[in-house]
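Student: I've got a new structure open and I'm a bit lost. Can you walk me through it?

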Amino acid sequence: MSVEWKPIERVCSEILELLNQSFVFDNNVQSQVLIQLEKFNNSLEDFNNYLAFLLCRSLGQELKVRQMAGLILKNNLMQIIESKNQIYLEMLKKELVNGIPDENKIIRTTVNCVISQILSKSGFHSWPELYEILIDFLTSENELAIEGSLECILTFCEDNGGNQETDLCDSNLDELLPVILKFFQSKVVKYRMYAIKIYYELLLPMPTSLISTLTDYLKGLFYLIDDSELVIHIELVKTFSLLISIRIDYMLQYLDQIIPYIIKTMKENDHQLVLEACNFWKYCSFKSCKKCFKEDEIRELIEILLERMILSKFDRSVFENEQKLQSLIKNDPNIDRDTLHKYYSYSKSLNGFDDVSASCSEDDEDDYDSIENSDSENENSEYENSEVFNKNKGEWNIRDSAAEGFERIAKIFKNDFLLYFFPLMKDRLISKDPYVREVVIYALGQIAKPTSEAMLEHLPEIIPYFLQIINEEDELILKRKSLWALGKYSKNIIELVYNLIDTENEENAKELLLNVFQCFLNLMVDENQLLQRSAINGFTKFIRAIGDKGISEHLLPILENISIASEKYSKRNLLLLYDLCGTIAEIVQEELNTKKDYSDLMLQVLFKKWQDIEDDDPHLLAIFDNLNVIIPQITSFITPYCETIFKRCVNIIETTVLGYYAIENSDNNNNNNVNLENFEKSLPPKIIMVFAIEVLSNLYDVMKEELSPLFLQTKIIEMIPYLIQDIDSDVREVSFGLLGSITKYSFDLINQDINELLPLLINQINIDYSSVCNNAIWTLSEIIIQTPESIEPFSEPILEKLIKIIKILSLEKNLLENCAIALNFMGLHYPEITSIHLNIFFSNLCFVMKLIKRERDKDLAYRGLCNLIQKNPQVLLDRFPHFLEAICYYNNPKKDLSEVFLMFINEYKETKKENWIEEFESLPLKIQQFLKDKYNNY
């Protein structure tokens, strides 16, 4: 049905007047405008059609007025789409079409956004006429109509191309796509560009219409290889990269044409084009791609990648400025280094450092090569991911991209890669330009893993080369890069050491290991902060690779060096030092727990800055983070530090909670808003409180009931109800961890509050916040053990929540494990009410019980399961194999529990009588063997 709509001139004028008044800088006027517009919206059914009319057809009006109409229309769009009377939506669509060929790009953009939103919510099927209109526009001679249509299609594709919920994939694109494909050969650059971009956005959803025309599409792309416009080549390279990443099976046949094209574009001068070309190689890294390279292409590619990995002139100037900074520090050891560094970083920012895409990142692992920080072995700690530590690290640059491409190509060719790389490397190693030599070291580090097998025979030459540069070279950039590379070769070095020992070259092995250790340790305490940083990053990787046996005999000098370093490091470098302490604690737990001198050295490093750092200083997160790692590792010697840690954590928690509580309960009048805002800024960030609560939990697990007297002197117990309801899920998560520890070791502290806490706890059993939910259920289990009588009034909502979770086996394992424990604990103490629902969750419960690891929990959980079966024996008859699977994973149950298992098996066997042998043989072989070995049943 055709729907015609015409605006009433008087109404149109009134709305237009309001839109004009909205630009008057007077609050009263603007308030009145909003009221009047709202009245129109509520009383005038076709109000949005007037807005569309003013947006698309009021050509004589000011641009800002038309834009305002479009903005209001966008805000009202959901109201129109969800309206029961769809006639006005149909009218609106007709009006919007008029704006597609508008002469003003801003208006076209607004119109296209509105059209895209309509299509996103309603689907293409709700507007079939649009296809015909777009095709008519695209095949017309009207340049604005062509441009507007291409922009319209592109806007929708960009908004919805990756969204599988839309009907884009199922839409009838058969007519539209061939029309767009013709624009690949258009003489108008922007038409070609829009056409490429539209197809690019369609690649991920890959509609059937595109698959059927893929050959023609690729012909169009290859036609553009000789295009004269830079923007076309940028889009073309991006397209090839995406095509290879999603359809390598199909694209292999074309790689012999694409590879030389990408190599050619890498030689161009445009930054964006070269960056996209370098990025291509991280997608073209499948093993199957190897056969598509010609030998001369491999050599040329490696050579160009090496060239692109050289630091730019700008990056060199930044690095040289850093060197000057270090010289100032060296000449005046008493200078306030942190202040100086802030000043120096600020001066670089003023000089445009932060605005350049190829900028260096001082906070990266090697400080100016962000690619080097991507090692999966050195994941960022939690506090580095917090808002406080998210500093501007610069954009991904050509050097980064080329380095990653270099590594990806090495992964394709693996050991054969060295045959092409080594000849190119030798000339560069003797270059007088330190930046050329630096690239070789960088390249060697990048291929440490993919070529590890072939590189092993070259390590006796390469490692001494690194050590020589570190110990003798004056060029700072070479020393730092060699330290980084040495860290990258950590696993290779350990493998070489073992090989030397196996071939009876133990002396050489020890000498090599000692030289590497000494190299790292010496540079860790160097006066140059940049060398300190590179050394400690490399050393952290090295000790991870060498493990506890390799570290043990060197542990004392390591800890002594760490202690010396802690005296001279700036706050920035101390963060890395704390990470190193945590890593060492994880690796050599036994040594630290048996030698007090070692533990004291480790803890003294953390506590040297303890008093100097304020409670709201983000650097405190680093200390807390490492205490969370170290406390469980050095349980024997933590006692002298316990009270100091406890009081600091409690002070932070109490200050933060009381502060936020005061804010939430203050009068929110205008006079107080500024004061409240300033007061909130003075509080420690909540992330610091989160870490403090976590430290308390770990301290409880080590000190157990010994902490109870200290808690009695605090307000923490009173604050638990507030903490477990905090708006921040991280706060709730760690607070339940602390509540669980208190329940387990000092239940008397919360016994009188348990009826208040249980409803709050049950309310937090919500899988939308899985970590909070997990800790809440664990705490619930501890409460059931401590005070089962308190659970009875809440048993129904508890069971309802737990059963809902155990039925979803796709949830996280820890959550399912704790849920199974809690359900069985309910069965242990309330078998009557729990067994009523047993048939609903028995199979899943048995499946999940094999995840339970802690012996106490496992024993009690299986006893709870047996209680439930005794109350509801029918479930065992119906699901006997599930029960067998559950007990099959309990290797060493206590004697009385094992006898109950046997009783159930014999009872079931008795019910089956002559059918038992047949049923036994139908069981999985593992369970059959288990019954034979454990219970002599067959």
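Tutor: Let's start with one term. Two residues are in contact when they have heavy atoms within 4.5 Å of each other. Keep in mind that this is a predicted model.

Student: OK. So what is Y200 in contact with, leaving aside its neighbours within four places in sequence?

Tutor: Y217, K238, T239 and L242. Y200 itself sits in helix α10, residues 189-202.

Student: How far apart are Y200 and L242?

Tutor: Along the chain, 42 residues. In space, their C-alpha atoms are separated by 8.0 Å.

Student: Is Y200 buried or partly exposed?

Tutor: Partly exposed, because its relative accessibility is 21% and buried means under 20%.

Student: Let's zoom out. How many helices and strands are there in the protein chain?

Tutor: There are 51 helices and zero strands. The chain has 938 residues, and 56% of them are buried.

Student: What share of the contacts with a separation of 6 or more comes from residues 24 or more positions apart?

Tutor: 75% of them.

Student: Back to single residues. Where is Y641?

Tutor: In helix α34, which covers residues 639-664. Y641 has a relative accessible area of 14%, so it counts as buried.

Student: What touches Y641, beyond its neighbours within four places in sequence?

Tutor: D600, L603, Q604 and F607. Take F607: it is 34 residues from Y641 in sequence. Their C-alpha atoms are 9.2 Å apart in space.

Student: And D617, where does that lie?

Tutor: In the loop between α32 (596-608) and α33 (620-630).

Student: Does D617 count as buried or exposed?

Tutor: Buried, because its relative accessibility is 14%. Leaving aside neighbours within four places in sequence, D617 is in contact with K571 and I688.

Student: New topic: empty space. How do people look for that?

Tutor: A probe the size of a water molecule is rolled over the atoms, and it shows where empty space is left.

Student: How many cavities of 30 Å³ or more does a search of the whole structure find?

Tutor: Two. The largest cavity holds about 90 Å³ of space.

Student: Which residues lie nearest the centre of the largest cavity?

Tutor: F124, I153, F156, C157 and L176. They belong to a lining of 14 residues. The elements giving two or more residues to that lining are α6 (105-122), α8 (143-160) and α9 (176-182).

Student: Which element gives the most?

Tutor: α8, with four residues.

Student: What classes of residue make up the lining of the largest cavity?

Tutor: All 14 are nonpolar. There are no polar and no charged residues in the lining.

Student: Now show me one helix in detail. How about α49? What is its span from first C-alpha to last?

Tutor: Helix α49 runs over residues 895-912 and has 18 residues. It reaches 26 Å, close to the 26 Å expected at 1.5 Å a residue.

Student: Which residues of α49 are buried?

Tutor: L897, S898, F901, F904, I905 and Y908. They cover an arc of only 120° around the axis, so they sit on the same side of α49.

Student: Why does that kind of spacing work in a helix?

Tutor: An α-helix has 3.6 residues a turn, so residues three or four places apart point the same way.

Student: What covers the buried residues of α49?

Tutor: The cover includes α46 (855-871), α47 (874-878), α48 (880-888), α50 (916-922) and α51 (925-935). On the face turned away from the buried side are the exposed residues K895 and E910.

Student: What follows α49?

Tutor: K913, in the loop between α49 and α50. Its phi is positive, near 50°, and it is a residue other than glycine.

Student: Why point out a positive phi?

Tutor: Because most residues other than glycine have a negative phi.

Student: Is K913 buried or exposed?

Tutor: Exposed, because its relative accessibility is 54%.

Student: What about K704? What is its phi?

Tutor: Also positive, about 55°, although K704 is not a glycine. It lies in the loop between α36 (686-703) and α37 (708-711). K704 has a relative accessible area of 33%, so it is partly exposed.

How values were computed. Residues numbered from 1 in each chain as written. Predicted model: local features only at pLDDT ≥ 70, side-chain atom pairs only at ≥ 80, totals over all residues. Heavy atoms only, no water. 1 Å grid on protein atoms, 1.4 Å probe; cavity = no way out; pocket = protein on both sides within 12 Å on 5 of 7 lines; lining within 4 Å. Points joined across faces, edges and corners; volume = space filled by probe spheres on them. Nonpolar A, V, L, I, M, F, W, Y, C, P; charged D, E, K, R; others polar. Expected span 1.5 Å × (residues − 1). Buried < 20%, exposed > 50% of the residue type's maximum accessible area, 1.4 Å probe, protein only. Arc of directions from axis to C-beta.
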